[in-house]
Amino acid sequence: MSHTMVTPSPVLSLSNDLLTERDRFGWYVDRVREGIAPFTLTSPHARDFPARLMSADLGTAQLATFSFPPLGAVRTSRHIRRDDPETYHLALIRRGLVLVHQRRHEAVVQAGGMVLFDSSHPLDAEFQDARGTPMVTMLRLPRAALALPQDQADRLLSRPLSPRGATGSLLRQLLYSTLGRLAGQDQAESYRLGTIAVDLVAAFLAGHLDAAGALPAETRRRELMAQIGGFIEANLGDPGLCPAVIAARHHVSVRTLHELFRTEPEAVMATVRRHRLERCRADLADPVLRARPIAALAARWGFLSPAEFSRVFRRTYGATPSQFRYEVSAMHDPH
């Protein structure tokens, strides 16, 4: 069995739990300045401000989740003159709500909604605790990286953005799950997710502007590939998942589907098979599922023939499913 050495993609996890109460708010101000841009922050909880942060570098973009007590955030022209990273920030409100004002636009964004702001314009925001202390996931990307004319993107600043449709749903899922998915992944995977995220943001914003035609063809292709990938992931357990089904779901011909995958590392059904095998391998290593028959685990992910599953698994991982399960169990069994 071959093993590939990878460099883990760091997911930075920080909190101010160990600091004194008087130092916690200053710590958070510094994290916001480093991870977003300089702001003047105020809070009724400044004397004791417990906060947490998780972040990851995705190459083109940076992703971070902030959890903090209610606060106000103001970015002025003076802040901008002193330090402007020239970035867009797409915020997914996960708990609480935010009142935000930028470029004569005002919005109230509740949990589940999104809002876009720009580091190059003054901003006034207030984060409130509605049904839980505020929690926000923020995707930061250079303005130059967004494949959408700046004047069009600026029309959406400080407006509530509903994650509607296939693209919005995919983007919301990516913002929710990426930090958890990056554990143990290499840098190439995190940068790949960054490229996908930037393309999804462009397509998501274009959809709110009815300006999809303004996107470059390659951005539209990558958005479609992201939608296809999400559909495959959600339907791995369907033994009928095949190119015809995938193509019909995305309103393209089977020939076009195969053309789309021609520039990918794998063909479409090879991609389906790899994801199925990964799910099966994870189930076989799960001690909670140790008593489940291997054939049942395989069928759960679309392998209806035990013999075929065993053959493909061994060819991929260098051991039969039963050997792999035994080795993993022995490794974790102290006796």
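Helix H6 covers residues 217-234 (helices and strands are DSSP runs of H or I, at least four residues, and of E, at least two, numbered from the N terminus). Its 18 residues should span 26 Å at 1.5 Å a residue, and the end C-alpha atoms are 26 Å apart, which agrees. The expected span is 1.5 Å times one less than the number of residues.

This is a predicted model, where local features need pLDDT of at least 70, side-chain atom pairs count only at pLDDT 80 or more, and totals for chains, interfaces and linings use all residues. Numbering runs from 1 along each chain as its sequence is written, and side-chain values use heavy atoms, without hydrogens and water.

The buried residues of H6 (under 20% relative accessible area, 1.4 Å probe, protein chains only) include Leu224, Met225, Ile228 and Phe231. The buried residues of H6 pack against helices H4, H5, H7, H8 and H9, with contact meaning heavy atoms within 4.5 Å.

Now the enclosed space. The structure holds one cavity of 30 Å³ or more. A cavity is a set of points on a 1 Å grid over the protein atoms alone where a 1.4 Å probe fits but cannot get out; a pocket is an open set with protein on both sides within 12 Å along at least five of seven lines; lining residues have an atom within 4 Å of a point. The largest cavity holds about 220 Å³. Ile36, Ala73, Phe117, Phe127 and Met138 are the closest to its centre of the 20 lining residues. E10 gives the most to this lining, with three residues.

The second largest pocket has a volume of about 230 Å³. Among its 16 lining residues, Glu34, Gly35, Leu53, Ser55 and Ala64 are the closest to its centre. E4 gives the most to that lining, with four residues.

Definitions and conventions
Buried means under 20% relative accessible area, exposed over 50%, partly exposed in between (1.4 Å probe, protein chains only). Grid points are joined across faces, edges and corners, and a volume is the space filled by probe spheres set on the points.
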